[in-house]
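Here is a short tour of one protein model. Keep the structure open while you read.

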Amino acid sequence: MTGTRAGAVGLVGEAIAGLKAYEPGKPIEEVERELGVKDALKLASNENVWGPSPLALVAAKEALSKLWLYPDAASFALRQALAAFHGVTMPEVVVGNGSNEIIGMLVRCFVHDGQSVASSAGSFIAYKIGARSHGRRYIEAPLGADYGYDLDALLAAIDESTRLVFIANPNNPTGTLIGDGALRAFMRALDDRPWGPAGPPIVVLDEAYVEFIDRGERADAPDSLVIFRTRPRTVLLRTFSKAYGLAALRVGYAVCEPDIADYLNRVRDPFNLNAVGQAAARAALADVAWTRTVVAAAVASRVALSAGLRGLGLAVVPSQANFVLADVGRNAKAVNDALMKRAVIARPVGPSGLPSHLRVTVGREHENERVLEALRVVLGG
Ligand SMILES: Cc1ncc(COP(=O)(O)O)c(C=O)c1O
């Protein structure tokens with residue numbers, strides 16, 4: 001082999017060879033560069049178009065003045081603030097470089113050879129990548145007819161090898177919400193099974209979009225902290241990437257039992273949370289008024305965008321998140337390609353088994369109008 005380039009063939013196992021890399025929403029710069037458009041509007045990654053609290057920006061700038069120092073590896077101040085915010089203890093809070101990182105940490109810690117991870121086929125694709133990249137089997141239950149989790153199908157799909165169950169609530173990419181009664185019934189049925197000596201699996205409630213739930217409209221929305229307190233082996237996943245508008249800084253966290261947290265911390269990369277992210281997230285958490293205002297704007301925008309999409313004759317899935325999923329009645333990737341030529345970036349969700357559905361993040365009024373007008377032209381043409 002000396003002197004020749006063998007390439008990467010044979011370097012990886014089957015699990016990695018069969019993986020497809022995560023495909024994020026197209027970055028604005030890429031679309032502008034490749035398609036020669038200007039002022040592209042990105043509503044593709046469920047970011048918060050209103051941005052973070054101004055206090056978070058001040059805190060981030062202050063943290064920039066000490067860039068030569070390693071960050072606090074324990075994220076002490078942020079974890080202390082999160083524990084107080086949720087009424088839990090600090091040993092129950094684990095931070096991640098985005099909640100995405102914690103998905104991988106959970107698989108690494110708790111799913112061993114021959115064991116599996118389960119979720120819904122129409123849910124966040126990172127669960128599948130997290131499982132498969134660690135060589136673990138991924139069990140996908142079919143999505144329900146209402147585009148929500150089919151919890152009966154999920155129960156039927158879970159087998160004795162399953163050690164982790166991921167439930168995104170609200171779900172991405174469909175925006176649907178599982179109510180408290182259904183969620184608790186699912187957990188009871190799961191726990192009532194005759195599990196072996198290792199006991200029932202961990203259930204991860206991924207609540208990346210929890211702040212956007214309209215609790216007036218959905219009085220049945222679960223209080224996940226109560227579930228966390230009552231059902232052992234429940235892990236809550238949260239993020240600063242959505243309601244708090246800090247996606248660029250990569251800050252997520254888990255609330256879990258101290259034993260589970262202890263294991264997660266053993267596999268956590270040292271210094272996984274950068275100092276700017278720690279400072280900004282802490283300030284953002286404290287600015288409750290900003291979060292409330294921004295979330296109210298997003299919820300109002302969700303109503304308007306849903307109505308606008310229905311006005312175009314599209315079927316829209318009722319959403320409790322900061323995005324809306326619409327059936328465009330044809331290949332959604334082609335529709336998105338045409339939208340990008342009009343400087344609008346949305347997200348086709350084919351990898352979640354919904355090839356004719358397009359996901360659009362909620363925007364400000366003029367941004368919603370732009371996406372609706374572009375869609376009207378593309379679908380009409
Ligand atoms: C359901 C869900 N969970 C987790 C994440 C990851 O968020 P982050 O890694 O930015 O915290 C996302 C991002 O889109 C998501 O939709």
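A polar contact is a pair of N or O atoms within 3.5 Å. Keep that cut-off in mind for the ligand. The model is predicted.

## Around the ligand

A polar side-chain atom of Lys 242 lies 2.9 Å from an oxygen atom of the ligand. That pair counts as a polar contact because 2.9 Å falls within 3.5 Å. Two other residues reach ligand oxygen atoms as well. The table sets the three side by side.

| Residue | Partner | Distance |
|---|---|---|
| Thr 239 | oxygen atom of the ligand | 2.6 Å |
| Ser 241 | oxygen atom of the ligand | 2.6 Å |
| Lys 242 | oxygen atom of the ligand | 2.9 Å |

Thr 239, Ser 241 and Lys 242 belong to the set of residues that surrounds the ligand. Gly 98, Ser 99, Asn 100 and Phe 124 are also in that set. So are Asn 172, Asp 206, Ala 208, Tyr 209 and Arg 250.

## A loop with two cis bonds

Now look at the loop between strand E5 (162-168) and helix H8 (180-191), where Asn 169 lies. Is Asn 169 buried or exposed? Asn 169 is buried, because its relative accessible area is 3% and buried means under 20%. Its side chain reaches the backbone nitrogen of Ile 178 at 2.6 Å. Beyond its neighbours within four places in sequence, Asn 169 is in contact with several residues, including Thr 176, Leu 183, Asp 206 and Pro 222. Asp 206 also appears among the residues around the ligand.

A cis peptide bond joins Asn 169 to Pro 170, with omega about -5 degrees. Pro 170 lies in the loop between E5 and H8. Pro 173 is in the loop between E5 and H8 too. The peptide bond from Asn 172 to Pro 173 is cis, and omega is near 15 degrees. Asn 172 is one of the residues surrounding the ligand.

## Two strands linked by side chains

Ser 116 lies in strand E3 (residues 116-120). Thr 162 is in strand E5. How far apart are Ser 116 and Thr 162 in sequence and in space? They are 46 residues apart in sequence, but 4.5 Å apart in space, C-alpha to C-alpha. A polar contact of 3.1 Å joins their side chains.

Ser 116 counts as buried because its relative accessibility is 0%. Thr 162 counts as buried at 0% as well. Leaving aside neighbours within four places in sequence, the contacts of Ser 116 include Val 111, Arg 137, Ile 139 and Leu 164. With the same neighbours left out, Thr 162 is in contact with Ser 116, Ala 118, Ile 139, Trp 195 and Pro 201. Ile 139 is thus in contact with Ser 116 and with Thr 162.

## Empty space inside

Rolling a probe the size of a water molecule over the atoms shows where empty space is left. A search of the whole structure finds 1 cavity of 30 Å³ or more. Its volume is about 30 Å³. The lining includes Ser 120, Phe 124, Lys 128 and Tyr 138. Helix H6 (125-132) and strand E4 (137-141) each give two or more residues to this lining. By type, the lining has 4 nonpolar, 2 polar and 2 charged residues. Phe 124 lines this cavity and is also one of the residues around the ligand.

The second largest pocket has a volume of about 360 Å³. It is lined by 17 residues, and the closest to its centre are Phe 85, Val 210, Glu 211, Arg 238 and Tyr 244. Helix H4 (76-86), helix H9 (224-230) and helix H12 (288-311) each give two or more residues to the lining. Which element gives the largest share of this lining? H12 does, with 4 residues. The lining divides into 9 nonpolar, 3 polar and 5 charged residues.

Val 288 lies in helix H12. Val 288 is partly exposed, with a relative accessible area of 38%. The C-alpha atoms of Val 288 and Tyr 244 are separated by 9.9 Å, and the two residues are 44 residues apart along the chain.

## Positive phi angles

Two residues other than glycine have a positive phi: Asn 46, near 55 degrees, and Tyr 147, near 70 degrees. Asn 46 is found in the loop between strand E1 (41-42) and helix H3 (54-64). Tyr 147 lies in the loop between E4 and helix H7 (151-157). Asn 46 is buried, at 1% relative accessible area, whereas Tyr 147 is partly exposed, at 25%.

Note on methods: Residues numbered from 1 in each chain as written. Predicted model: local features only at pLDDT ≥ 70, side-chain atom pairs only at ≥ 80, totals over all residues. Heavy atoms only, no water. 1 Å grid on protein atoms, 1.4 Å probe; cavity = no way out; pocket = protein on both sides within 12 Å on 5 of 7 lines; lining within 4 Å. Points joined across faces, edges and corners; volume = space filled by probe spheres on them. Nonpolar A, V, L, I, M, F, W, Y, C, P; charged D, E, K, R; others polar. Buried < 20%, exposed > 50% of the residue type's maximum accessible area, 1.4 Å probe, protein only. Polar contact = N/O pair within 3.5 Å; in protein donor to acceptor, adjacent residues only side chain to side chain. Contact = heavy atoms within 4.5 Å. Near = heavy atom within 4 Å.
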